[in-house]
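Biologist: Could you take me through one part of this model in detail? I would like a close look at the sheet in chain A, with what lies against it.

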Amino acid sequence: MVRLLRFLFFAVLVRLVVLVVLGLNVRRREWLPKAGPALIAANHNSHLDTLVLMSLLPLEMLPRLRPVAAMDYFLGNRLLAWFALHIIGIIPLSRRPQRGSDPLAGCAEALERGDILLLFPEGSRGEPERLARFKTGIAHLTERFPQVPVTPVFLHGLGKALPKGEGLLVPFFCDVFVGEALHWEGDRAGFMAGLERATARLADEGRFPSWD
Amino acid sequence: MNWLAVKLPVLVTLGGIFAVLLIASLTVHLLQRRSPGKSYGELRSRVRSWWVMVGVFSLAMVLNRNISLVFFAFMSFLALKEYFSLIPTRRADRRVLFWAYLAIPLQYYWVAQAWYGMFIIFIPVYAFLFLPMRMVTIGETRDFLKAAGTIHWGLMTLVFSLSHLAFLLVLPGAEDKAAGGPGLVLFLVLLTESNDVAQYVWGKSLGRRKIIPKVSPNKTWAGFLGGVATTTALAVGLAPWLTPMDLEHAAMAGLLIGISGFVGDVVVSALKRDLGVKDSGALIPGHGGVLDRIDSLTYTAPLFFHFIRYLYF
């Protein structure tokens with residue numbers, strides 16, 4: 001029942017909003033992972049980011065798609081928690097893990113099952129349409145699963161359509177630039193630098209109008 | 001013919017357009033076969049997009065009037081969205097842009113009601129006065145004039161001007177004359193688009209002297225004049241079928257569409273040059289964005305509308 005609800009939510013409502021109300025300009029969609037286990041790392045400006053990324057992959061992969069999202073925010077109240085866990089299908093991540101516990105246990109479990117994880121290494125939506133420093137959780141995860149490819153994606157425009165703190169969606173065409181998959185090469189700092197560089201390179205592809 | 005919203009001449013003309021597309025597809029196919037080394041990918045995707053656009057347009061025209069109106073409203077929405085995504089906007093104006101989008105359903109609702117008085121003043125008067133007021137209540141004054149100006153220019157061009165196409169469908173008395181409102185729309189859209197193609201073809205084959213190099217370096221005098229002549233000839237040929245116009249008026253309409261179509265094209269080119277982009281978007285493979293395809297219509301639609309309304313309705 002919940003699985004059907006999730007399917008309908010993404011097949012009808014999300015696709016209507018993403019493809020008709022918004023509209024996407026996708027470059028190199030074919031570079032997105034075709035099977036799990038895999039990681040997709042995108043910049044984060046809006047709640048819409050997750051929905052857009054999930055609608056880029058075919059519907060039959062929906063059961064495999066798991067966005068990683070902040071536990072404190074999405075499990076904050078019961079209704080939101082139910083929606084986040086069952087309809088969106090998030091893997092909750094603690095932003096302030098307790099000593100001795102493994103904050104990445106949920107992600108590791110999902111990768112072992114062969115899921116595709118969506119991560120936002122900026123850690124928060126932050127200032128809309130500004131790229132913040134990446135957090136290193138993704139490097140720790142990749143170190144544990146060195147064979148899992150990490151596909152960088154740059155999103156633009158969704159922060160204009162629905163920025164943090166706004167409830168009203170204003171239509172804009174949005175850009176989605178997919179980069180070449182990165183692989184673990186032995187050290188965390190090097191991996192993080194490579195991921196940030198790849199995302200910045202994707203951002204440079206676009207010519208975005210000012211928005212202040 | 002009760003199950004269709006259009007009369008026979010409209011169907012025959014649409015059939016003619018499909019025949020021309022078929023010839024275009026076959027030609028591209030033969031060209032590719034003759035020289036397999038050369039890449040005709042751009043031309044192929046351009047023709048394929050024409051098939052899709054003509055197909056959607058034909059369906060929207062043929063089924064019924066309300067579907068046609070929703071189709072034109074959606075075209076305005078896509079164009080306005082492309083424009084707002086392309087131009088610099090202020091973060092403070094998010095809600096103002098939302099109100100600007102709301103003008104689309106309202107404007108096309110006036111059309112559906114055939115309420116000419118409201119249709120013709122809603123955006124130039126009410127939207128024009130309302131949006132700056134909404135901006136003032138938000139209170140950001142930096143770049144105020146630029147924002148008010150660019151937002152209103154978008155509404156005028158992509159909603160007000162384009163909605164004239166839709167009003168042709170509801171012109172009082174149009175049903176009894178010639179092929180009705182759909183005949184007028186088809187006449188206008190077919191001539192505007194074929195004018196674009198004719199100017200391109202004449203320019204490519206004969207063009208030498210540039211007509212407006214600062215704005216659009218590929219436009220030539222030969223392209224412009226050849227296009228206008230072709231469009232005028234086509235107008236004289238099609239008008240008795242699709243419109244109530246006599247030959248003299250048909251020739252004038254052809255000149256009007258040929259010349260103003262060119263102007264609409266270069267006005268949007270100037271906008272794109274100002275913004276530093278080549279295409280307005282990537283929605284239509286081989287063509288660019290919606291704005292790239294309907295640029296000429298933003299000029300021909302209101303001008304042809306008032307021409308025919310003054311003379312016949």
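Modeller: Happy to: here is a walk through the sheet, its strands, the helices around it and the partner chain. Please keep in mind that this is a predicted model. Chain A has a mean pLDDT of 91, and 100% of its residues reach 70 or more. Among the elements of chain A, strand β6 (residues 150–156) has the highest mean pLDDT, 96, while helix α3 (residues 71–74) has the lowest, 87.

Let's begin with the layout. The sheet is open and has 7 strands, and in chain A their order is β1-β7-β6-β2-β5-β3-β4, with mixed pairing. At the edges lie β1 and β4 (91–93) of chain A, each of which pairs on one side only. On average, neighbouring strands of this sheet are turned by 25° against each other, direction ignored.

Two helices of chain A pack on this sheet. Helix α2(A) touches β1, β2 (38–42), β3, β5 (116–119), β6 and β7 (174–178) of chain A, and its direction makes about 125° with that of β6(A). Helix α6 (residues 137–144) of chain A touches β2, β5 and β6 of chain A, and its direction makes about 165° with that of β2(A).

Now look at the β4 edge. Here β3(A) and β4(A) run parallel and are joined by 3 bridges. One position to find on screen is A69(A), which stands opposite P92(A) in β4(A).

At the other end of the order, β1(A) pairs with β7(A) in the parallel sense over 4 bridges. Within that pairing, N25(A) has D175(A) of β7(A) as its bridge partner. On its other side, β7(A) pairs with β6(A), this time in the antiparallel sense, again over 4 bridges. There V153(A) stands opposite V178(A) in β7(A).

Strand β7(A) deserves a pause. It is largely enclosed by the rest of the structure, because 5 of its 5 residues are buried. In a regular strand the side chains alternate between the two faces of the sheet. In β7(A) both faces are covered: C174(A), V176(A) and V178(A) are buried on one side, and D175(A) and F177(A) on the other.

Next door in β6(A) you will find T151(A). With a relative accessible area of 2%, T151(A) counts as buried, since the cut-off for that is under 20%. Leaving aside residues up to four places away in sequence, T151(A) touches W31(A), P33(A), L39(A), I40(A), A41(A), V178(A), G179(A) and A181(A).

Helix α1 (residues 2–22) of chain A is also worth a look, and it bends by about 35° at V14(A). V14(A) is itself buried, as are R6(A), F9(A), F10(A), R15(A), V18(A) and L22(A) of this helix. Their cover includes β1 (24–27), α2 (48–56), β3 (65–70), α4 (78–88) and α7 (158–161) of chain A, together with α3 (65–86) of chain B. After α1(A) comes G23(A), with a positive phi near 100°.

That brings us to the partner chain. In all, 24 residues of chain A are in contact with 23 residues of chain B. The area buried between the two chains is about 2,000 Å², and carbon and sulfur atoms give 56% of it. On the chain B side, K81(B), R91(B) and R94(B) lose the most area to chain A, together 37% of what that side buries.

Notes: Residues are numbered from 1 along each chain as its sequence is written. Chains are lettered from A and ligands numbered from 1 in the order in which they are written. This is a predicted model: local features need pLDDT of at least 70, side-chain atom pairs count only at pLDDT 80 or more; totals for chains, interfaces and linings use all residues. Side-chain values use heavy atoms; hydrogens and water are left out. The bend at a residue is the angle between axes fitted to the seven residues ending there and the seven starting there. Buried means under 20% relative accessible area, exposed over 50%, partly exposed in between (1.4 Å probe, protein chains only). Contact means heavy atoms within 4.5 Å. pLDDT is the predictor's confidence in each residue, from 0 to 100. Two strands pair if DSSP finds at least two bridges between them. Axes are lines fitted to C-alpha atoms, for helices over the stretch in contact, and angles run from 0 to 180 degrees between N-to-C directions. Buried area is the accessible area (1.4 Å probe) that two parts lose on being put together, summed over both.
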